[in-house]
Amino acid sequence: MIEVNNLHKSFKSLKALDGLSFTAKDGEITGLLGPNGAGKTTCLRTIYGLLKADQGITTVDGIDVAKQPLDVRKRLGIFPDKFGLFERLTAYEQIDYFASIQGLSGKTKKEAIERVIADLEMEELAHRKTQGFSQGQRMKVTLAQALVHKPQNFVLDEPTRGLDVMSTRVLRNYLSKFKEHGHCILFSSHVMQEVAALCDRVIIVANGKLAAQGTPEELCKLAGETHLEEAFVKIIGSDEGIAA
Ligand SMILES: Nc1ncnc2c1ncn2[C@@H]1O[C@H](COP(=O)(O)OP(=O)(O)OP(=O)(O)O)[C@@H](O)[C@H]1O
């Protein structure tokens with residue numbers, strides 16, 4: 001479970017987060033939906049400890065990110081907004097590297113790598129150097145390295161950008177399976193259909209604040225609309241920066 005409580009973060013005079021609070025529960029997919037510049041990436045970066053909030057508390061499974069960052073890292077899988085692969089390594093070697101960082105070794109590590117490769121159906125890719133991999137293949141390697149240590153929580157920043165329909169489906173199916181096993185999934189998006197199709201709960205963020213939260217149905221009801229897109233526009237008062 002991930003809890004964000006009254007987060008504030010400014011970059012000089014710009015307030016990126018302005019008192020944001022929400023909870024992402026186990027066994028659910030929670031979508032952080034907001035227009036460009038709403039503060040989604042800033043929020044996710046504070047959850048995985050890349051940024052320090054000016055004020056507020058973030059906990060992962062009850063552990064304070066600011067106080068015990070390494071304990072939190074063990075419980076988190078991270079799919080960041082920008083990711084690079086070590087292009088001279090094979091996919092297997094890259095996953096192995098991340099497994100080692102997470103403290104896995106020996107037989108346990110080997111089994112964990114083989115499991116994640118099988119789960120993501122990437123056996124054919126495993127021993128190829130990642131240089132020249134397609135976006136979909138890169139996505140699989142990034143997913144595998146994020147999840148090799150079987151974290152309870154999984155945070156993804158706009159994971160479907162640049163993916164074709166097939167790769168997007170692979171990702172969605174994988175997230176659904178992960179959720180069925182009781183994990184907590186939090187992902188950011190500004191793609192409405194994706195959020196409506198996948199999320200149990202939607203957190204709408206605008207100007208670094210919580211604008212509304214609920215199931216897609218609850219948000220539609222709240223706004224008196226039948227489609228999430230119209231509900232969203234009504235709630236944040238604009239359709240700027242959002243993709244249908
Ligand atoms: N390192 C930084 N330095 C200065 N300003 C920043 C920095 N990171 C984010 N910002 C600003 O903070 C605000 C929130 O940015 P953020 O990237 O969190 O939004 P977002 O909701 O993820 O947007 P997008 O959907 O476009 O990725 C923006 O105005 C952005 O320009």
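**Close-up 1. I95 and its contacts in the predicted model**. Setting aside neighbours within four places in sequence, I95 touches I113, V116, V141, A144, Q145 and V148. The model here is a predicted one. I95 also turns up, along with A144 and V155, among the residues with the most contacts inside the largest nonpolar core.

**Close-up 2. The largest nonpolar core, with helix α5 as its top contributor**. This core takes in 65 residues. Helix α5, residues 135-147, hands over six of them, and no other element gives more. As general background, nonpolar side chains tend to be buried together in soluble globular proteins.

**Close-up 3. The shell around the ligand**. Who sits around the ligand? The line-up is F11, L14, A16, G34, N36, G37, A38, G39, K40, T41, T42 and H190. By character, the shell splits into four nonpolar residues, seven polar ones and one charged.

**Close-up 4. What α1 and β2 bring to the ligand shell**. Strand β2 (14-24) and helix α1 (40-47) each put in at least two residues. Which element gives the most to the shell? That's α1, with three residues.

**Close-up 5. Helix α9 and its buried side**. Helix α9 runs over residues 228-236, and its buried residues are L228, A231, F232 and I236. These four span an arc of only 115° around the axis, so they end up on the same side of α9. The general rule behind this kind of pattern is that an α-helix has 3.6 residues a turn, so residues three or four places apart point the same way.

**Close-up 6. What α9 packs against, and what comes after it**. The buried residues of α9 pack against two helices and three strands: α7 (192-198), α8 (216-223), β3 (28-33), β9 (201-206) and β10 (209-214). Right after α9 comes G237, with a positive phi near 75°.

**Close-up 7. Stepping back to the whole protein chain**. The secondary structure adds up to nine helices and ten strands. The radius of gyration is 18 Å, close to the 18 Å the globule rule gives for 244 residues, so the chain is as compact as a globular protein of that length. Along the principal axes, the C-alpha atoms fill a box of roughly 55 × 40 × 35 Å. Buried residues account for 39% of the 244 in the chain. Of the contacts with a separation of 6 or more, 68% link residues 24 or more positions apart.

How values were computed:
Residues are numbered from 1 along each chain as its sequence is written. This is a predicted model: local features need pLDDT of at least 70, side-chain atom pairs count only at pLDDT 80 or more; totals for chains, interfaces and linings use all residues. A residue is near a molecule or strand if its C-beta atom, placed from the backbone, lies within 6 Å of it. Ala, Val, Leu, Ile, Met, Phe, Trp, Tyr, Cys and Pro count as nonpolar, Asp, Glu, Lys and Arg as charged, and the others, Gly among them, as polar. A residue is buried if 20 or more other C-beta atoms lie within 10 Å of its own, exposed if 12 or fewer, and partly exposed in between; C-beta atoms are placed from the backbone. The arc is that of the directions from the helix axis to the C-beta atoms. Two residues are in contact if their C-beta atoms, placed from the backbone, lie within 7 Å. The radius of gyration is taken over C-alpha atoms; the globule rule is 2.2 Å times the number of residues to the power 0.38. A nonpolar core is a set of buried Ala, Val, Leu, Ile, Met, Phe, Trp, Tyr and Cys residues joined through C-beta atoms within 7 Å.
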